[in-house]
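Hi,

Here is the structure I said I would pass on. Have a look at it first, and then read my notes below.

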Amino acid sequence: MLGSPCLLWLLAVTFLVPRAQPLAPQDFEEEEEDETETAWPPLPAVPCDYDHCRHLQVPCKELQRAGPAACLCPGLSSPAQPPDPPRMGEVSIVAEEGRAVVHWCAPFSPVLHYWLLLWDGSEAAQKGPPLNATVRRAELKGLKPGGVYVVCVVAANEAGASRVPEAGREGLEGADIPAFGPCSRFAVPPNPRTLVHAAVGVGTALALLSCAALVWHFCLRDRWGCPRRAVARAAGAL
């Protein structure tokens with residue numbers, strides 16, 4: 001009777017408990033590869049190729065979706081707030097054609113479109129057409145040679161438009177305009193062609209006056225005679 005339970009226990013251990021399978025060399029290689037893959041940390045995210053001052057700059061969110069790897073976008077303010085004022089850049093003046101090219105940098109805010117405000121000495125500003133959010137450059141035409149202007153760039157979204165400094169609102173009569181603000185004051189130099197024409201006109205007028213003076217002098221001398229000869233004759237007669 002004692003042998004029966006022992007026999008049953010031996011049979012259960014033999015047939016029911018799974019045997020350990022020997023590991024093949026391939027299994028060791030797979031385990032080493034898994035350990036190697038998990039040992040390396042993930043690559044850090046790099047900043048997106050986004051420049052606030054680049055003309056026709058693709059929005060940063062589109063760069064994140066289009067890139068092969070994840071990139072970081074600069075922080076922006078809430079879309080429920082009006083955007084911060086853009087930063088005015090260089091104003092390139094072409095005096096010969098009476099135009100100027102205005103550059104600016106986007107603010108750290110969501111922007112739907114821009115527009116320009118131009119003061120030419122009058123109280124009311126001239127408002128330009130809306131520009132796409134990717135635009136960072138615009139052209140001003142019809143500028144008068146020798147004129148002084150104030151130009152401001154305004155950014156807008158669904159919450160409102162960016163602020164314009166008091167100096168920009170007051171136009172040419174305002175105080176000093178901030179150096180890194182959305183406005184800039186510039187003067188259009190006289191047209192070089194106009195200066196050349198003026199110089200030619202003045203030279204021509206001087207030449208005509210000189211010729212007229214000489215003709216008048218010779219006409220008077222022929223009519224009244226030379227003053228020195230008249231004095232000499234009077235002295236000889238005495």
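**What I found**

Of the chain's 238 residues, 24% are buried, where buried means under 20% relative accessible area, exposed over 50% and partly exposed in between (1.4 Å probe, protein chains only). Keep in mind that this is a predicted model, where local features need pLDDT of at least 70 and side-chain atom pairs count only at pLDDT 80 or more, while totals for chains, interfaces and linings use all residues. Residues are numbered from 1 along each chain as its sequence is written, and side-chain values use heavy atoms, leaving out hydrogens and water.

The chain has six helices and 11 strands; these are DSSP runs numbered from the N terminus (helices H or I, at least four residues; strands E, at least two).

Now for the inside. The largest nonpolar core (buried Ala, Val, Leu, Ile, Met, Phe, Trp, Tyr and Cys residues joined through side-chain atoms within 4.5 Å) has 20 residues. Among those with the most contacts inside it are W104, Y114 and F186. Strand 9 (148–157) is one of the strands that each supply at least two residues, and its four are the largest share. A second, separate core of 10 residues includes W119 and C152.

Follow F186 too: leaving aside neighbours within four places in sequence, its contacts (heavy atoms within 4.5 Å) include V91, L140 and V151.

One oddity is L56, which has a positive phi of about 60 degrees without being a glycine. Most residues other than glycine have a negative phi. L56 sits in the loop between strand 1 (46–47) and helix 3 (60–66), and at 53% relative accessibility it counts as exposed.

Cheers
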